[in-house]
Amino acid sequence: MAYRLRPAKSFTAEFRSVAESQLLKAIRLLEDQPDGQHEAVHDARKRFKRVRSLYRLIQPDAKEFRRRENARIRDMARTLAAVRDATALVETVDYLASLADSAEELAALAFASKTLTERRDRIAAEEHDLPAKMEAAVATCHEAIGAIEELELSDDPHKTAKRLAKAWRKQRLRAHGALAACAKHGDAEAYHELRKCGQIYWMHISLLGEIWPSAMLAKQRQAKDLVDLLGHEHDLSVLTGLVNESPELFGNGDTLALMLGAIIARQQALRHEALGKAEDVFADSAETESSLIAILWEKAADTPRRERRAVKVHKGHETHPQETTLREPA
């Protein structure tokens, strides 16, 4: 099933289907490993993020479920992180190398890439228990599916719209707080929080895309661009942390200085660009956008009911209701 909630259907059934679909895809990846263990882990962790974002949408009416199941999936995903995180550092240095300003800088980054690749391989070789961790993750996914099947939520369109609006407003306020912190402090943690907010926003737009397809698709693309920028920024922050902790990995002082110069220059550029995009992505107030989400969801959920009533009224005739196009309320 697509990563999307259809407002015309039972919300509980849709929620279960989307969550279970993502978890089943993760199970298949971890069991079949079509592109190897580490790629399977990477792709499965993407599915886990999607499930956790989905759970945020029901928190107003299922706080305990969301708390418990979010922790279950979060903790399980962390057990699979070591090699992927090491691989991400290699990819980050290679990304910097593609933007190198000089031959000297390129050589320094090539040295760092070789060093980090060897480090990644050592971590992978030492992680003898990865197959057991993957097997345990599969079992945890099955447990999570069992918990989903027991969840009950109201399917009333009005109550569902209110639930979604509350969750949307909370997340929107969190994003505004992160954006303000980036503008004020500009530290790595603030940008990391903004990145997480952008990821969640992108996934929530995908989930509710049917309530206003054209506008939501445009918003989704805008949010994805922001997330990509902040993803590079976060990777550079992680790389800086490793350089500070283990400078001996990166050669002599000249090599280290060239590498740090490349990191700082690119990170500053990314932060400047990301702040501008974030201000556009999160331009609307929490109240305005959450209220619009509620109105659009309820309208989209109610349209098929009106159409069915219209068909009954015209029963025996060839007249059928026309398709409706969602428009922003005046």
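Which side chain meets R120 in a salt bridge? In this predicted model, the partner is D121, with N and O 2.9 Å apart. Before turning to further pairs of this kind, it helps to look at the overall fold.

The protein is built from helices: its secondary structure comprises eleven helices and zero strands. Followed along the sequence, the pattern therefore reads α-α-α-α-α-α-α-α-α-α-α. The C-alpha trace extends over about 85 × 45 × 35 Å along its principal axes. Among the 330 residues, 45% are classed as buried. Counting contacts with a separation of 6 or more, 76% are made by residues 24 or more positions apart. The exposed area comes to about 16600 Å², and carbon and sulfur atoms provide 51% of that area.

Charge is a convenient next theme. The protein carries 51 positive and 52 negative side chains, and a distance of 7 Å separates the centres of the two sets. On the surface, a patch of positive charge is formed by K63, K159, K162, K166 and K170. Helix α7, which covers residues 157–184, is the largest contributor to this patch, supplying four residues. K159 is located in helix α7.

Side chains of opposite charge can pair when their charged atoms come close. The structure contains 22 salt bridges. One of them joins E152 to R16, where the closest N and O atoms are 3.2 Å apart. E152 sits in the loop between α6 (130–149) and α7, whereas R16 belongs to helix α1, so this salt bridge ties together parts that lie 136 residues apart in sequence. E152 has a relative accessibility of 61% and therefore counts as exposed, the cut-off being over 50%.

The pair that opened this section can be described in the same terms. D121 has a relative accessible area of 39%, which makes this residue partly exposed. R120 is also partly exposed, at 21% relative accessibility. With buried defined as under 20%, R120 is therefore not counted as buried.

What is the setting of the salt bridge between E289 and R172? The side chains of E289 and R172 meet with N and O 2.9 Å apart. This pair links distant parts of the chain, since E289 is in helix α11 (residues 286–313) and R172 is in helix α7, with their positions 117 residues apart in sequence. E289 and R172 are both buried. Elsewhere, R68, E69, R72 and E143 are joined into one network by salt bridges that share partners. Helix α7 thus appears twice in the account of charge: this helix holds R172 of the pair with E289, and it gives four residues to the positive patch.

One backbone detail also deserves a friendly pointer for anyone inspecting the model. Where does Q33 lie? Q33 is found in the loop between α1 (11–32) and α2 (37–56). The phi angle of Q33 is near 45 degrees, a positive value in a residue that is not glycine. The relative accessible area of Q33 is 26%, so this residue is classed as partly exposed. Helix α1, at one end of this loop, is also the helix that holds R16, the partner of E152.

How values were computed
Residues numbered from 1 in each chain as written. Predicted model: local features only at pLDDT ≥ 70, side-chain atom pairs only at ≥ 80, totals over all residues. Heavy atoms only, no water. Helix = DSSP H or I, 4+ residues; strand = E, 2+ residues; numbered from the N terminus. Buried < 20%, exposed > 50% of the residue type's maximum accessible area, 1.4 Å probe, protein only. Contact = heavy atoms within 4.5 Å. Areas by Shrake-Rupley, 256 points an atom, 1.4 Å probe, with all protein chains shown as cover. Lys, Arg positive; Asp, Glu negative; His and termini not counted. Charge placed at Lys NZ, Arg CZ, Asp CG, Glu CD. Patch = residues over 30% accessible without salt bridge, like charges linked within 9 Å, V, L, I, M, F, W, Y side chains within 5 Å. Salt bridge = Lys/Arg side-chain N within 4 Å of Asp/Glu carboxyl O.
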